[in-house]
Amino acid sequence: MVGEALGPIGPPFASEAVQQCTVRIANESAEHLNMTPLQDVRSALRCECGDPGCRACVDITHSEYEAVRAYGSHFVIKPDHENSENTAVLRENTRFAVIDVVAGDVRYHVRACNPRHSWIDVRDEGRE
Ligand SMILES: [Zn+2]
């Protein structure tokens, strides 16, 4: 069972958090391949809402994507794909929304699984 592998996190949000982290890793790879050094090109990346059945894509520029990835608990989703039980919408436009995972156990998990720098957010370093 998925929840058993996660330790402190349990149902009902376990599979959603695992899905969010899995899609984030896939998007990281896709974004790395799409990077063009001198252009802020728009990419179609997968929605990170955590619904295993979601196949939606979000249209996002490299700089917009990097702003999301600066925080280990932020995810980019298609507008209206948020789960209001464990996330808060930080901002949205017609192409995508940015959510923050706010529920305790789930937040802990998604930050621990951040492929860039676990536990250290830009705001924690005082750069913002
Ligand atoms: Zn979605």
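This passage describes a three-stranded sheet and the nonpolar core of a predicted model.

The sheet is open, and its antiparallel strands follow the order S3-S5-S4. Strand S3 (74–77) and strand S4 (87–92) form the edges, each pairing on one side only. On average, neighbouring strands of this sheet are turned by 30° against each other, direction ignored.

Strand S5 (residues 97–101) is joined to S3 by four bridges, and the two run antiparallel. Within this pairing, Phe75 has Ile99 of S5 as its bridge partner. On the other pairing, S4 and S5 also run antiparallel and are joined by five bridges. Here Arg91 has Val98 of S5 as its bridge partner. S4 and S5 together form a hairpin, with four residues between them.

The largest nonpolar core comprises 20 residues, of which Val58, Ile60, Val76, Ile77, Phe96 and Ile99 touch the most other members. Two or more residues are given to this core by each of helix H1 (14–34), strand S2 (57–61), helix H2 (62–69), S3, S5 and helix H3 (104–112). The greatest contribution comes from S5, which gives four residues.

Ile99 thus appears both in the sheet, as the bridge partner of Phe75, and among the core residues that touch the most other members. When residues up to four places away in sequence are not counted, Ile99 touches His74, Phe75, Ile77, Glu82, Thr87, Ala88, Val89 and Leu90.

Key
Residues are numbered from 1 along each chain as its sequence is written. This is a predicted model: local features need pLDDT of at least 70, side-chain atom pairs count only at pLDDT 80 or more; totals for chains, interfaces and linings use all residues. Two strands pair if DSSP finds at least two bridges between them. Axes are lines fitted to C-alpha atoms, for helices over the stretch in contact, and angles run from 0 to 180 degrees between N-to-C directions. A nonpolar core is a set of buried Ala, Val, Leu, Ile, Met, Phe, Trp, Tyr and Cys residues joined through C-beta atoms within 7 Å. A residue is buried if 20 or more other C-beta atoms lie within 10 Å of its own, exposed if 12 or fewer, and partly exposed in between; C-beta atoms are placed from the backbone. Two residues are in contact if their C-beta atoms, placed from the backbone, lie within 7 Å.
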